[in-house]
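Hi,

Here is the structure I said I would pass on. Have a look at it first, and then read my notes below.

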Protein chains: 2
Amino acid sequence: MAAAKSSSLSRQEIWRLFALVGACVGILLNTFQGDGAPLVASLAFSGIAFAVTFSMIRWLVPVFLKAGLKGRDMAKPRRPEIPETMGAVCAIVYLLALIFFIPFAFYKDIVAATSGGGNRDVVIEVEHVETGRMLHRFPHGKLASYLSGLLSLQCIVILGIGDDLLDIRWRHKVIIPAFGAIPMLIVYFVDFGVTQVVVPVPLQPYLGSTIDLGWLYYAYMAAVAIFCPNSINMLAGINGVEVAQSLVIAVLLIANDVLYLAPITPYPHPATDSHLFSLYFLLPFVGVSAALLCHNWYPSKVFVGDTYCYFAGMVFAVVGILGHFSKTLLLLFIPQIFNFLYSTPQLFNLIPCPRHRLPKFNSVTGLLDASVTEWTVPPSPLVATALNLLHTLRLVRVTKNEQGQIVESTNLTILNLWLVWAGPMKENQLAWSMVAVQTFCGLAGLFVRHRLALLVFQEDNLAFGSSVY
Amino acid sequence: MAAAKSSSLSRQEIWRLFALVGACVGILLNTFQGDGAPLVASLAFSGIAFAVTFSMIRWLVPVFLKAGLKGRDMAKPRRPEIPETMGAVCAIVYLLALIFFIPFAFYKDIVAATSGGGNRDVVIEVEHVETGRMLHRFPHGKLASYLSGLLSLQCIVILGIGDDLLDIRWRHKVIIPAFGAIPMLIVYFVDFGVTQVVVPVPLQPYLGSTIDLGWLYYAYMAAVAIFCPNSINMLAGINGVEVAQSLVIAVLLIANDVLYLAPITPYPHPATDSHLFSLYFLLPFVGVSAALLCHNWYPSKVFVGDTYCYFAGMVFAVVGILGHFSKTLLLLFIPQIFNFLYSTPQLFNLIPCPRHRLPKFNSVTGLLDASVTEWTVPPSPLVATALNLLHTLRLVRVTKNEQGQIVESTNLTILNLWLVWAGPMKENQLAWSMVAVQTFCGLAGLFVRHRLALLVFQEDNLAFGSSVY
């Protein structure tokens, strides 16, 4: 977070990044010995991804500005022009890191496929060369899942860049993640095809222990994949908040994954693979997002663009769906779910929805305050009653004229709500507040997941041990 | 190719596209009966991809113009501004078509994975849900290859869009396809790992019947993946020529594939799968490219952008590498290889290289003529001798001043060379000439492949039959 506005790295930054990359490369080279330790390699890749993203973003600032990929920061006194869509850089580095990681994650399979080198004969080699049918004896477990996750992420990045470049209405934007989810769902269909879910204990007398949801399960997965990216995109608008909330979610998911890999969990555990898979996707994500946050935190030097929000949300959707813990995932999205539900009256136009609903910058005080919708036509009696009720509950702030008619009401986003509760504050204070809310809700969600789930499911799968999970 | 400049489809176009889509959807629904016939499904997907691409491009013209994605057509009297980067639309439709095609190509595996539905019991289902380890019994053959091809194509599309948006120097551009090739090569390494090639007969006494190239084989594959996209990008510059050459190559590759699937080839043949795989990638490519050509042929309504050239070249690299016929592929790139070799003196700055080398438009005659490099400093004696020799061979046209010093020489591209040979001509005539050259060279290449290869290899693999291929 150097104060310098230049597009080159300072000497200190260069040394630090060099040290980081050097250490990570050392770790990577070390993993070639022994049995591989892909998790260690993943950590090393995350460090390298951090360094590359950090440097690339700095270097690309003038390039993006020149190409017209820029926007004004409206919450600063001088409204500086800064580069947009930097999330794309972050996403591309991430994708390359995950691609280079493939031989580390699937190393054992290579060895299996090329071992027995002594007894190779021409016929087998020719079969190799021509059709690869030798593979049928050496499948790669989760490789297809992994690749389908990457495909979905690439799809969302392409569509996100398109969204950032072209002027798309939000009603159309909402379905963009659906296209991104397609590769993952189709490969799931071909490669896995299981649509059975465990039934909560209170319902088991009526439905049996598992139930086949069929296409409904695909609809559910699609809904998760549409919800995660859009909900992160909705909780945006102030410096750093998109990246910070994503980082908190990612770190909490990692903590949850570690629970399954730590010695407290009996091994082998049926969910070990799923959570390793999740870590391989999340660790580099933390790397690139942390690098982006260095540039995007208040006062922002770069904007992240919708590309980042879609990308981040899709990373979570991919690990939740392919790791089979989408319910746990949704428990970490409580602030986003609240923000969505709270926004619905404006999304469905029961209350007028302006183009932007971000908090308003007061150039006199230098503080942010809740932005408002102006009621040019007074609301209908029903809406007015509802708004008055919400006002009494301090869930919205309305302003009335002398006749007692509502002329203004605050926009329905969690950022504005926080400002209604806590009063005007500086932009970074608001961002920190959101980090705190996200962390608190996420920890509460994980607690519910691991302690209270026993009330509705037969057992917490962390304490796996009996015959029926 | 409607004359209307509007961004909506004419009534006639709507009916035709509707009829096409209707027929294709009918065919698709039909493939659900019987054993699937993925090749028929692929044809139907190609038809739908044509219709979608055709309509999307038309609709997106004003959106792209508004977003500033536009360029001037310098070879027209009025230099109209038309939208750029339309290849991205074409590529995205293509990728979605290939993704939706997955369940058709890998249908049998699904059936295998979900059959035996009668004897499902709870334990197996739970294993399914948690770890998917059932998959080890139901691998998917080429699924990982297919997905890695898609990943490479998506990579190149993302990087191509970046290239079109940002101002990148050609020396940096050249390596972009290398990044695109990474996913394919890495998955090849993990999933297949065979680096042995058949040795030509004259060398077999020295090297044996096959030779393991090791990492050199990866270098070779990377070189193919770098060459194909860049060489198509180099043979660009006039309306329609990028798309037309790609279409010719694709159609010839399809003809070659069909040779292996037609009744004249004994079945089962070891290369059948590879050529089916190739068809699955090429048929939709023909669909989207044909739709793009309708808008991009002289006089162009849209430009395709570097995105298209990279994308098209990478499609060929993917089918050539993953289908194991990269040598055949290169025989179809004879004009591009010639163009590259012919350009080398300018690429390596032996002869000055201006920013653009496209043929020059003469606004008086309305014809294109070869563009020239101006020699502000006379060339060195060696270069002058070489240029004079090439001039005598009619491989370049030089202009001299009264002192006999070279002041101008034509730029070294195949387009300019053709204009040196045939004289100035209209833009569409030049594009047709290139189509003719590409077709003629490609047919000659395929003839060499299937008739003359017997001189250096033991047999043409089309006539597969003996024990050692």
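**What I found**

All 18 of the 18 residues of α13 in chain B are buried, so this helix is largely enclosed by the rest of the structure. Bear in mind as you read that this is a predicted model. Helix α13(B) covers residues 305–322 and reaches 26 Å from its first C-alpha to its last, close to the 26 Å expected at 1.5 Å a residue. Just after α13(B) comes B:His324, with a positive phi of about 60°.

Over in chain A, there are 19 helices and nine strands. Of its 469 residues, 52% are buried. Chain A exposes about 20600 Å², and carbon and sulfur atoms supply 67% of that. If you take the contacts in chain A with a separation of 6 or more, 73% are between residues 24 or more positions apart.

One helix to pick out there is α11(A), residues 215–234: its 20 residues should span 28 Å at 1.5 Å a residue, and its end C-alpha atoms are indeed 28 Å apart. Its buried residues include A:Tyr217, A:Met221, A:Phe227 and A:Ile232. A:Phe227 also belongs to a cluster linked by ring pairs, together with A:Tyr94, A:Phe285, A:Tyr308, A:Phe311, A:Phe316, A:Phe333 and A:Phe340.

On the subject of rings, the structure holds 44 aromatic pairs over all chains. One of them is B:Phe45 with B:Phe101, edge-to-face at 5.9 Å centre to centre and 80° between the planes. B:Phe45 sits in helix α2 (residues 38–66) and B:Phe101 in helix α3 (residues 87–105) of chain B, so the pair ties together parts 56 residues apart in sequence. Both rings belong to buried residues: B:Phe45 has a relative accessible area of 10%, and B:Phe101 has 2%.

B:Phe338 and B:Tyr342 make a stacked pair, 5.5 Å centre to centre with 15° between the planes. Both lie in helix α15 (residues 334–347) of chain B, four residues apart, or about one turn of the helix. B:Phe338 is partly exposed at 34% relative accessibility, whereas B:Tyr342 is buried at 10%.

Last, a sheet. Chain B has an open one of three strands in the order β7-β9-β8, with antiparallel pairing. Strands β7 (372–374) and β8 (398–400) stand at the edges with a single partner each, so one side of each has no neighbour in the sheet. The twist averages 20° from one strand to the next. β8(B) pairs with β9(B), residues 406–410, over three bridges, and B:Val398 stands opposite B:Ser409.

Cheers

Terms used. Residues are numbered from 1 along each chain as its sequence is written. Chains are lettered from A and ligands numbered from 1 in the order in which they are written. This is a predicted model: local features need pLDDT of at least 70, side-chain atom pairs count only at pLDDT 80 or more; totals for chains, interfaces and linings use all residues. Side-chain values use heavy atoms; hydrogens and water are left out. Two strands pair if DSSP finds at least two bridges between them. Helices (H or I, at least four residues) and strands (E, at least two) are DSSP runs, numbered from the N terminus. Axes are lines fitted to C-alpha atoms, for helices over the stretch in contact, and angles run from 0 to 180 degrees between N-to-C directions. Buried means under 20% relative accessible area, exposed over 50%, partly exposed in between (1.4 Å probe, protein chains only). Contact means heavy atoms within 4.5 Å. Accessible areas come from the Shrake-Rupley method with a 1.4 Å probe; for residues, only the protein chains shown count as cover. The expected span of a helix is 1.5 Å times one less than its number of residues. Rings of Phe, Tyr and Trp (its six-membered ring) pair if their centres lie within 6.5 Å; planes under 30 degrees apart count as stacked, over 60 as edge-to-face and the rest as tilted.
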